[in-house]
Each structure stands twice: as C-alpha cells, then as structure tokens.
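Me: Please take one strand of this model and look at it closely, going through how it is covered and what it pairs with. I would also welcome some context from the chains as a whole, and a second strand to set beside it.

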Protein chains: 2
Amino acid sequence: MQFHKRRQSIIFEQQPAILSSAAIGGKKESEGPLANYFDRLNTDTKFGQKSWEKAESKMQELALDTARRKVELQYGDIDVLFGGDLLNQCIGSAFALRPTGIPYLGLYGACSTMAESLLLAAAAVNAGYARRAAALTSSHFASAERQYRFPLGYGGQRTPTAQWTVTGAGCCIVGQNAPHGPFVRAATVGAVTDWGIKDANNMGAAMAPAAYATLRAHFDDLGCAPEDYDLIVTGDLGQLGKQIVTDLFARDGVKLGSVYNDCGTLIYDLQAQDVHAGGSGCGCSASVLCGYLLSQLAQGKLKNLLFCATGALMSPTSTWQGETIPAICHAVAISAERR
Amino acid sequence: MQFHKRRQSIIFEQQPAILSSAAIGGKKESEGPLANYFDRLNTDTKFGQKSWEKAESKMQELALDTARRKVELQYGDIDVLFGGDLLNQCIGSAFALRPTGIPYLGLYGACSTMAESLLLAAAAVNAGYARRAAALTSSHFASAERQYRFPLGYGGQRTPTAQWTVTGAGCCIVGQNAPHGPFVRAATVGAVTDWGIKDANNMGAAMAPAAYATLRAHFDDLGCAPEDYDLIVTGDLGQLGKQIVTDLFARDGVKLGSVYNDCGTLIYDLQAQDVHAGGSGCGCSASVLCGYLLSQLAQGKLKNLLFCATGALMSPTSTWQGETIPAICHAVAISAERR
C-alpha cells in the first residue's frame, strides 16, 4: 500500500464499490422533488412505533435491511458497520443494530455522519479489514425538534434562516472487487472549524466555513479543481449556507457555478414546502446520496460526484453556555466508473 | 495486505506503535491507588473553566497536548484524530479540537471510546492512511451526573450497584516504524449486545455480556486463550460486572482467574473511597490505559495486554421510554515487544 503524504486526504487504490444503498423518508420527503428516488416513504411519522425516537431507529433498521436485501446479503456477510445519528447517545443506531449482530463502530459527526461513515467503510474495505462494510445514519424532524429546540406542541415560531430536519435514513454497503460501481475513489477528512457563529437557527452560516475548508483541502491534496467533478454537493447548508460557500470561493477567484449544489436545497421545494432555508439533519444528505445521487451515478447521468456532508457540533448545553458553533465537513469522491 | 476472513478481528501486520500517551485526572483520582501514573491531576474539578462541560473539554485538550509534547510533535504532525465522549453531541471532543486544526473523525461508543478510538487510530496507521493518528476521550463526574442522573445539588442517594464516573481523560498517539513499543497488534470490534437489563444504576450487569461476547470472538478469531495474555482488562464493569464476566467464562469451563481485571476496580480503592461498585465513564479505562497500563508495558512489567473497553449505549430518553440497555465492547491487543 502506497504511503500518502497528503495530510487530510486518502486515495482508495482498491476502489471499493458501493454494492447497494437504500433511502427511507417520511411524509414531507414524499411531497418533495426527490420522492421518486426513495426506497420507502412512510406518511406515518412514527413508522408504527410508540415514540419518535423509536421511529428514527426503525428507519435505520429499514435502510439497512433494504440495502442488504437488494444484493441478497445476510447480516453475517457485513463485517463492520459505521453509524450514528443526532439523538443523544446515538440511540437511533444502537437500538437499530441490536438484533443484527453486526460488529459496530459508533460515530458522532452530527449531519456529516453519512460522509464520515461512508469514508470509514470504504477505508475498512480498501485496507482489507472488512469484506463488506456498511454506513448508516438517520434523522427525524420530531425527535430533533424535541431534543434541540422545542417540543412540537409548543408551536414555536421558526426564523427565516432555520432549516427543516429531514425525516429520513440512508445506508450504503461497500464491498471489494465489484464488477460495477459506483466506486469510492478518495476522501478528505475535515477538521473542526468555527468562525464564531452563535445563532443555532442559522446552521448554514455556521457550517459553510467547514465545507469551504474541506473542499479547499480536497482540491489541494488531490491536485484537482471543481471542474473535475460534474457535481459537488454539500450536506445540509441550505440556501444561505450554499451562498456563503459560493461567495468564499468567489473571493479566491474560483467560480463554483452550477457544478455546486446542496442536499438541503435539493430535497424540498423551498417555495412550496415552507421549509425556510432548506433541509437539514443526518438524514438529509444520507437520503439524497443513497437515493437520488447514487442512482444518477449508477445510470451514468453523473460521472464524478464529490459528496461533502456537513455537521454542526454544538449541543443545546454548549449554546446555553454561550459557546459558538463548531462545525465539520468530510468529503467523499465517488465515480461511476473505475479509473 | 493480507485479506482476513476473520469476521470481527483485525491483525495489524505493520504493528503500529503507541508513540506517546497521557492521562489526566481529577481530585478523586488523585486519592486513588493509581494516582502516581497520571500525568496531571487537578483538584479543581472545574479545571479553571466556568462549567463542568468546559472542564471536560479542557481535560481532553490537556491530554492531547501532554501526549504530543512528550514526543515533540506539532498538531500538524497528527494526520487524524479519533475521539468522543459521553456528553450530548460529544461537545467535550469538538470544543477541545477547535484550536488544533487536526482532521477529526468523531466517535460515539460511550465508555468503549478509548478502545474504539485506539483501534481506529491503529487501523489508519497500519493501512498507511495516516503517518500518526491520535485517540482521545474523557468523562467528568459532575457533567455526567447532571446529564444522566440528577444535578449534584439534588443530593440523590446512590444504589449499591452504582458506579462513580471518573473525572479523567486519556490520549494515545499511534505511529508507524517506531523503534520501540508498545505495539498495537490486533483488535476485535464488538457488536451491540443486550441481555435485557433495564436498571441504569447497574451498568456493570448491562455491559458484562458485551465484554464476554467480544472476548469470546477475540479468542475464536485469533485462536488464542486467556493465558496468552498477562493481563485482560475490561473498561468499567466494576465489581459486579467483573464477577459476571468471570462467571460467564466459568460456565464455559474457562477460568479467567488473576489474569483478568477491570479498570473500574483498579482506579479507586473501593472500600476507602465510597465509590460503590467502582469507577466508570470513558475516562476510566482511558486514564487507566494511558497512565498505568501503558507504563507497565513500557517498563516490561506487562508483555501482552488485552484492553477491552465497555460501553452502555442507552440514553436517559431510551430509559424513560422503558428500553433495556444495549452495550458494546471492543478489544485491543497491545504488546510490549514486536512479534
């Protein structure tokens, strides 16, 4: 194995493939422009469970189960799973995995979890540590509102920069020596970035600098440029955060233009669905990747995707204690064809 | 790189070394039998900060800074850091890393975090993804009580099976091609294990089955036995959990005997320090490993250590919703000498 001097980026020489993926969504997602790309949409926001937290766990179960059935795998065929979610102590993942027996490495990357889990799954397969590795995450509008903001019954007013937590889950299963892709080609691990934003209703602004920093590191490490991709997507910056990333690159003389988009603006119709600045939550980038984006790669409509999930690493406690919002972004380069 | 058919275990052929480690502790730890093995002990439980949460973050900063200074590394020499803690949204780690710029992959493994972070750091170095990788975690008695149980001012009564959350942090820096060890030789990734315990004041009983399952998998995968180690330590099962692991192996006809111990019973004097069943928290196994155990390996007093940190993956919300306690355990085999 070649030793990489690059500081933040890894090239996966074995080109592990995404063997299968699945996206699960709720009611609002079923009304959005990407509805057709979900494997399952459930208009019962409790997914038949007694609480929203259990519903979120159920979504992860469904995402994993749907992904493994597509390629006729048993749980015993998956050597390791990387997963996590937004719930305190990541109970969404822990309870979803309880019946599976799959070796599990729990993550906390807030809304960056889909990129973090996918890059670690690819790293495990590329190094030969696992034959197949899974990446799994979720978020749920109601469990997130209860935990981060107000119980829904309170009927709190939303600010213009607020985003709407996606009720959704996504799962990828990564394997080696696959005849066809998509293939995970490289990844860039982000560092904690904090430009001093304190407004927990403006996550897009808090996370945009992290996306900018990771994208810059990715281009520098790999000696590539935005035009080497046909799509660069951030995770859940929403309309405002997306504009900030575009502006930050413009200052450097780099025009991102139409090659750049954000999952938070793709998943909903921002005008018609009353979601203010767009979608957010681990389930936002996860379900957009595992549904829409990977299907575009599989169909050859996309050739080279740079998937950059973004996460805000504060907690209600840190906000109450007057802290600013630290953020992170990890990037994963995915290609339709082997290089 | 050899492909391993083993399902849960990884052998690190490159034998990455633990270049440096540091253990930070608080007042109660300074009064315990392992006090001499800490790098820093602070009797101010706030570590000069305004809140216990910020104090916990400060401990992680100190652990990382102390470990890197010992080997004269800059933050820029560390290619990736795996870390996490018990605080909601793992704010201990996120805020500690904010000034460092180190690429960061956040984990949530509850009290198993020291083993999870160390095995991932070793995996990253072994595969050539990183020249040096760090593993970092912490817990704080007061921030854990406030979050999981009652605010300290409430003065709640503790049950006999309750444990005492360690105020401590630990950090390891792993690198390649080191002239001397300790060396990380192999690891076993655990699966979520739940035998139906619901009592959040009896974590030892909830986690013991996970430790048993991971140890069994480790012995099976690597074709080894307890006597191949001079010490097997679990993370924070305490007195009761330790007895359960011993009993579970006895049922299989395997006598663990004096080769087996638990960090939760090592860190405090259980009689004199009024800690009931023993220590717990991410900082328990982290500070015992990064202080006492690694120094024993460096001095040749230990040759082969199997470090098995254990975590309970419930949250207060899952407990309120009547759920049982899922648990996990990851094992890391560390040798004084190269094999």
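Reply: Helices are DSSP runs of H or I with at least four residues, strands are runs of E with at least two, and both are numbered from the N terminus. On that basis chain A, in what is a predicted model, has ten helices and 14 strands. With 339 residues, chain A would be expected as a compact globule to have a radius of gyration near 20 Å, and its value of 18 Å agrees with this. Along the principal axes, the C-alpha atoms of chain A fill a box of roughly 55 × 50 × 35 Å. Buried residues account for 67% of chain A, and of the contacts between residues at least 6 apart in sequence, 77% join residues at least 24 apart.

The close look itself is at strand S14 of chain B, which spans residues 327–335. Because nine of its nine residues are buried, S14(B) is largely enclosed by the rest of the structure; buried here means under 20% relative accessible area. In a regular strand the side chains alternate between the two faces of the sheet. In S14(B) both faces are covered, with Ala327(B), Cys329(B), Ala331(B), Ala333(B) and Ser335(B) buried on one side, and Ile328(B), His330(B), Val332(B) and Ile334(B) buried on the other.

The pairing of S14(B) involves strand S13 of chain B, residues 304–312, which runs antiparallel to it over nine bridges; within this pair, Gly311(B) has Ile328(B) as its bridge partner. Strand S9 of chain B, residues 183–188, is also antiparallel to S14(B) and is joined to it by five bridges, with Phe183(B) standing opposite Ser335(B). Two of the residues named on the faces of S14(B), Ile328(B) and Ser335(B), thus reappear as bridge partners, Ile328(B) facing S13(B) and Ser335(B) facing S9(B).

As the second strand, S6 of chain B (residues 132–139) is mostly covered, since seven of its eight residues are buried. With strand S4 of chain B, residues 80–85, S6(B) pairs in the parallel sense over six bridges, and Leu136(B) of S6(B) stands opposite Gly83(B). With strand S8 of chain B, residues 168–175, S6(B) pairs in the antiparallel sense over eight bridges, where Ala134(B) has Ile173(B) as its bridge partner. S6(B) therefore has a parallel pairing with S4(B) and an antiparallel one with S8(B), whereas for S14(B) the pairings with S9(B) and S13(B) are antiparallel.

How values were computed. Residues are numbered from 1 along each chain as its sequence is written. Chains are lettered from A and ligands numbered from 1 in the order in which they are written. This is a predicted model: local features need pLDDT of at least 70, side-chain atom pairs count only at pLDDT 80 or more; totals for chains, interfaces and linings use all residues. Side-chain values use heavy atoms; hydrogens and water are left out. Buried means under 20% relative accessible area, exposed over 50%, partly exposed in between (1.4 Å probe, protein chains only). The radius of gyration is taken over C-alpha atoms; the globule rule is 2.2 Å times the number of residues to the power 0.38. Contact means heavy atoms within 4.5 Å.
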